[in-house]
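Visitor: I'm new to looking at protein models. Could you show me how to read one?

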Amino acid sequence: MVWKLMLSPTAQKLVDLFVKFPTVGRRTAQRFVFYLIKSDQSEVNDLIEAIKNLKNKIKLCDWCGKSYETEQQINGLCAICSNNQRDKTVVCVIEKEVDLETIEKTGQFKGLYFIWDTNNEEQQLKKLSNRIKKETVKEIILALDPTMDGRQLALKIQRSLETLAVKLTQLGRGLPVGGEIEYADQETITSALEGRK
Ligand SMILES: [Zn+2]
């Protein structure tokens, strides 16, 4: 017989919310809840306050989807998109914001990013193609994870943009198959960017 943990409805409600977090399974969610039950009231208050601030003070960039503190924003754009030094003719499509941080750390990429939102694929494709038509985007780099999902997404984007006058490239070799960009080291990312085709 499988032993099943019986939680009170109040605790269970929170477990169900934590389970929605990326990489958090039921067991971890339960640990979080037990941790909170034992925590001081002040620590719980800090957590509630921090979550509230996250939603009040952090917004997503209108163009690339990167998060930013609202006081740093310029016309709804993040610091990268509103930076005139960035090369607006090259757009790097990534799956997660953490990939942006990984690529930025190499200091090798001077273009703009576009964080793919899987919940809004049609709208995302439209946004990309509009940008290509209206602005002078010359190259779209698909810096997607070398996983099944990443490959399928690359195909979808290629098909929908193939009639437009834009060069579509993908990261070169070096990224481990099935791996994720966020875990790749700077050298690997740099050579994958240089070797794009
Ligand atoms: Zn942006």
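Guide: Let's go from the overall layout to a metal site and then to a pair of helices. Keep in mind that this is a predicted model.

Visitor: How many helices and strands are in the protein chain?

Guide: Count 7 helices and 6 strands. Read from the N terminus, their order is α-α-α-β-β-β-α-β-α-β-α-β-α. Of the 197 residues, 38% count as buried.

Visitor: Which residues coordinate the zinc ion?

Guide: Look for the sulfur atoms: the SG atoms of Cys61, Cys64, Cys78 and Cys81 coordinate the zinc ion at 2.3 Å. Along the chain, these donors follow the spacing C-x2-C-x13-C-x2-C.

Visitor: And how do I read the geometry of a site like that?

Guide: Start with the ideal: four tetrahedral donors have angles of 109.5 degrees at a metal. Here the angles among the 4 donor atoms are 107 to 114 degrees, and the site is tetrahedral.

Visitor: Why does the pair Cys61 and Cys81 tie together parts that are apart in sequence?

Guide: Cys61 is in the loop between strands S1 and S2, while Cys81 is in the loop between S2 and S3, so the pair links parts 20 residues apart in sequence. Both Cys61 and Cys81 are buried, too.

Visitor: What about the helices: at what angle do the axes of H4 and H7 cross?

Guide: Roughly 85 degrees, and the axes come within 9 Å. That makes H4 roughly perpendicular to H7. On the H4 side, the contact is made by Thr102, Ile103, Lys105 and Thr106; on the H7 side, by Gln186, Ile189, Thr190 and Leu193. Sort those contact residues and you get 3 nonpolar, 4 polar and 1 charged.

Conventions
Residues are numbered from 1 along each chain as its sequence is written. This is a predicted model: local features need pLDDT of at least 70, side-chain atom pairs count only at pLDDT 80 or more; totals for chains, interfaces and linings use all residues. Side-chain values use heavy atoms; hydrogens and water are left out. Axes are lines fitted to C-alpha atoms, for helices over the stretch in contact, and angles run from 0 to 180 degrees between N-to-C directions. Helices (H or I, at least four residues) and strands (E, at least two) are DSSP runs, numbered from the N terminus. Angles under 35 degrees count as roughly parallel, over 145 as roughly antiparallel, 65 to 115 as roughly perpendicular and the rest as oblique. Contact means heavy atoms within 4.5 Å. Ala, Val, Leu, Ile, Met, Phe, Trp, Tyr, Cys and Pro count as nonpolar, Asp, Glu, Lys and Arg as charged, and the others, Gly among them, as polar. Donors are N, O and S atoms within 2.8 Å of the metal (3.2 Å for Na, K and Ca); water is not among the atoms, so sites may look incomplete. Four donors count as tetrahedral if all angles lie between 85 and 135 degrees; four count as square planar and six as octahedral if opposite donors are over 155 degrees apart and all others between 65 and 115; anything else is irregular. Buried means under 20% relative accessible area, exposed over 50%, partly exposed in between (1.4 Å probe, protein chains only).
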